[in-house]
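Hi,

Here is the structure I promised to send over. Have a look at it first, and then read my notes below.

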Amino acid sequence: MIRVITFGTFDVFHAGHLSILERSKSLGDYLIVGVSSDAFSTGKKKRTPIYSENDRMRIISALACVGEVFLEESLEQKEDYIRSHAAHLLVMGDDWRGKFDDLRNICDVIYLPRTPSISTTAIVEVIKKT
Ligand code: C2G
């Protein structure tokens with residue numbers, strides 16, 4: 001039973017988010033997702049998420065590929081989250097390539113390619129212009 005963990009804000013949920021979650025699940029048996037809190041995400045992206053952390057967690061937890069979700073409050077707690085959820089494999093998008101290599105002493109770490117040409121920022125820009 002391989003437990004996979006991944007993290008993200010997943011604001012304005014789109015097909016790129018779905019793809020990384022489905023690919024993450026396919027690398028193991030059970031997928032755990034850390035959803036970035038509003039405060040953490042605002043600090044990271046310099047923009048308040050459009051969907052609240054509660055709504056983002058509800059959307060992610062309703063997906064067939066997701067076993068459970070929890071709130072991710074900081075990057076520094078990543079090791080604690082991996083340990084407390086007994087994860088064997090950390091999956092991140094390749095925009096984070098190299099950033100979590102230190103965690104290889106507690107679990108496997110894989111960076112998957114991002115889906116091209118889709119992002120929350122681009123969607124928001126299109127909506128603004130419409
Ligand atoms: N993603 C993707 N393709 C896209 C857009 C996003 O594969 N076109 C992936 C990202 O690589 C990430 C996940 O979807 O793995 C969530 O993306 P974000 O919400 O932008 O995540 P981020 O805020 O970078 O949070 O601890 C790290 C963070 O929580 C990661």
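The ligand sits in the largest pocket. Keep in mind while you look around that this is a predicted model.

How big is that pocket? The largest pocket has a volume of about 600 Å³. Its lining is made up of 29 residues, and the closest to its centre are Thr9, His17, Lys45, Asp95 and Arg114. If you'd rather think in helices and strands, the ones that give two or more residues to this lining are β1, α1, α2, β4 and α5 (120-129). Helix α1 provides the largest share, with four residues. As for chemistry, the lining has eight nonpolar residues, 12 polar ones and nine charged ones.

Now for the ligand itself. Which residues are closest to the ligand? Among the 22 that surround it, the closest are Glu72, Lys78, Asp95, Thr115 and Ile118. You've met Asp95 already, since it is also on the list of residues closest to the pocket centre.

Three side chains are worth clicking on, as each has a polar atom by an oxygen atom of the ligand:

- Glu72: a polar side-chain atom lies 2.5 Å from a ligand oxygen.
- Asp95: here an N or O atom of the side chain is 2.8 Å from an oxygen atom of the ligand.
- Thr9: the distance from a polar side-chain atom to a ligand oxygen is 2.9 Å.

And how much of the ligand does the protein cover? On its own, the ligand has 630 Å² of accessible area, and the protein covers 95% of that.

The shell around the ligand can be sorted by element too. Those giving two or more residues to it are β1 (3-8), α1 (15-26), α2 (38-45) and β4 (89-93). Once again α1 gives the largest share, four residues. By type, the shell splits into seven nonpolar, eight polar and seven charged residues.

If you want a place to start, try colouring α1, which leads the count both in the ligand shell and in the pocket lining. Then bring up Glu72, Asp95 and Thr9 with the ligand.

Cheers

Definitions and conventions:
Residues numbered from 1 in each chain as written. Predicted model: local features only at pLDDT ≥ 70, side-chain atom pairs only at ≥ 80, totals over all residues. Heavy atoms only, no water. Near = heavy atom within 4 Å. Polar contact = N/O pair within 3.5 Å; in protein donor to acceptor, adjacent residues only side chain to side chain. Areas by Shrake-Rupley, 256 points an atom, 1.4 Å probe, with all protein chains shown as cover. 1 Å grid on protein atoms, 1.4 Å probe; cavity = no way out; pocket = protein on both sides within 12 Å on 5 of 7 lines; lining within 4 Å. Sits in = over half its atoms within 2 Å of the grid points. Nonpolar A, V, L, I, M, F, W, Y, C, P; charged D, E, K, R; others polar. Points joined across faces, edges and corners; volume = space filled by probe spheres on them.
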